[in-house]
Amino acid sequence: MLDRTDFESWQQLIRLYCLGKDNGENIMKSITEGPFQMGTFIQTPAEDAEETEGALQLGPERARVFTDLSAKEKERYKADIRATNILLQGIPKDIYTLINHYTDAKDIWDNVKMILEGSELTKDDRES
């Protein structure tokens, strides 16, 4: 659990914990780079169209869904969910209430860091 006075240690423990999990590299990517982007998919029309025989036909573009993903992409997508759960379970309720509207691990990570360390401006003020 996060101790408000020692964010650096908590940050290191979370990193080690994530890397020790199955798919740990992808979990850390979710935290540091943001969530996997599904993107879009271009459908190909049915192949029995006589008038377009031999020509490449592209259909409408649509948002991809989980079933469209490759096995590697599915692992990355699942890592996003796991990363969010790990972070939310490691913070106290008072901080959770401040960030509970964020759903991406990177947003949660960045905002917890901001709450506990402050922005670059507040860090400079403390140092001076």
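Reader: Are W10 and W109 buried or exposed in this structure?

Author: In this predicted model, W10 is buried, and W109 is buried as well.

Reader: Why is W109 called buried?

Author: The relative accessible area of W109 is 7%. Buried means under 20%, so W109 with its 7% falls into that class.

Reader: Why does F7 count as buried?

Author: F7 has a relative accessibility of 5%. That value lies under the 20% limit, and F7 therefore counts as buried.

Reader: How many aromatic pairs does the structure hold, and what makes the pair of F7 and W109 tilted?

Author: There are 4 aromatic pairs in the structure. For F7 and W109, the ring centres are 6.4 Å apart, and the limit for a pair is 6.5 Å. The planes stand at 55°, which is neither under 30 degrees, as stacking requires, nor over 60, as edge-to-face requires, so the pair is tilted. Since F7 belongs to helix 1 and W109 to helix 5, the pair ties together parts that are 102 residues apart in sequence.

Reader: Why is the pair of W10 and W109 described as stacked?

Author: The centres of the W10 and W109 rings are 5.7 Å apart, and their planes differ by 25°. An angle under 30 degrees counts as stacked, so this pair receives that name. W10 lies in helix 1 and W109 in helix 5, so this pair joins parts that are 99 residues apart in sequence. F7, W10 and W109 together form one aromatic cluster.

Reader: Which residues have the most contacts inside the largest nonpolar core, and which helices supply at least two residues of it?

Author: The largest nonpolar core has 20 residues, and L2, W10, I31, L87 and V112 have the most contacts inside it. At least two residues of this core come from each of helix 1 (7–20), helix 2 (24–33), helix 3 (71–89), helix 4 (93–99) and helix 5 (105–117). Helix 5 gives the largest share, 5 residues. As a general matter, nonpolar side chains in soluble globular proteins tend to be buried together.

Reader: What is I31 in contact with, once its neighbours within four places in sequence are left aside?

Author: I31 is then in contact with C18, A83, L87, A105, K106 and W109. Each of these contacts has heavy atoms within 4.5 Å.

Reader: Why is D80 classed as buried, and what does its side chain lie beside?

Author: D80 is found in helix 3. Its relative accessible area is 10%, under the 20% limit, so D80 is buried. A polar atom of the D80 side chain lies 2.8 Å from the backbone nitrogen of F36. Leaving aside neighbours within four places in sequence, D80 is in contact with S30, G34, P35 and F36.

Reader: Why is Q43 called partly exposed?

Author: Q43 has a relative accessible area of 31%. This is not under 20%, as buried requires, and not over 50%, as exposed requires, so Q43 is partly exposed. Q43 is placed in the loop between strand 1 (40–42) and strand 2 (61–63). Q43 and E61 are 18 residues apart in sequence, while their C-alpha atoms are 6.3 Å apart.

Reader: What makes D68 partly exposed, and which side chain does the side chain of D68 meet in a polar contact?

Author: D68 lies in the loop between strand 2 and helix 3. Its relative accessible area is 24%, in between the limits of 20% and 50%, so D68 is partly exposed. The side chains of D68 and R62 make a polar contact at 2.7 Å; the cut-off for such a contact is 3.5 Å.

Reader: Which feature of the backbone sets N23 apart for comment, and where does N23 lie?

Author: N23 is not a glycine, yet has a positive phi of about 70°. N23 lies in the loop between helix 1 and helix 2. With a relative accessible area of 26%, between 20% and 50%, N23 is therefore partly exposed.

Reader: Where in the chain is confidence lowest, and where is it highest?

Author: Confidence is lowest in helix 6 (residues 120–127), at a mean pLDDT of 56, and highest in helix 2, at 96. The chain averages a pLDDT of 84, and 81% of the residues score at least 70. Where pLDDT is low, the predicted coordinates should not be read in detail.

Definitions and conventions: Residues are numbered from 1 along each chain as its sequence is written. This is a predicted model: local features need pLDDT of at least 70, side-chain atom pairs count only at pLDDT 80 or more; totals for chains, interfaces and linings use all residues. Side-chain values use heavy atoms; hydrogens and water are left out. A nonpolar core is a set of buried Ala, Val, Leu, Ile, Met, Phe, Trp, Tyr and Cys residues joined through side-chain atoms within 4.5 Å. Buried means under 20% relative accessible area, exposed over 50%, partly exposed in between (1.4 Å probe, protein chains only). Helices (H or I, at least four residues) and strands (E, at least two) are DSSP runs, numbered from the N terminus. pLDDT is the predictor's confidence in each residue, from 0 to 100. Rings of Phe, Tyr and Trp (its six-membered ring) pair if their centres lie within 6.5 Å; planes under 30 degrees apart count as stacked, over 60 as edge-to-face and the rest as tilted. A polar contact is a pair of N or O atoms within 3.5 Å; within protein, one must be able to donate a hydrogen and the other to accept it, and residues adjacent in sequence count only if both atoms are side-chain atoms.
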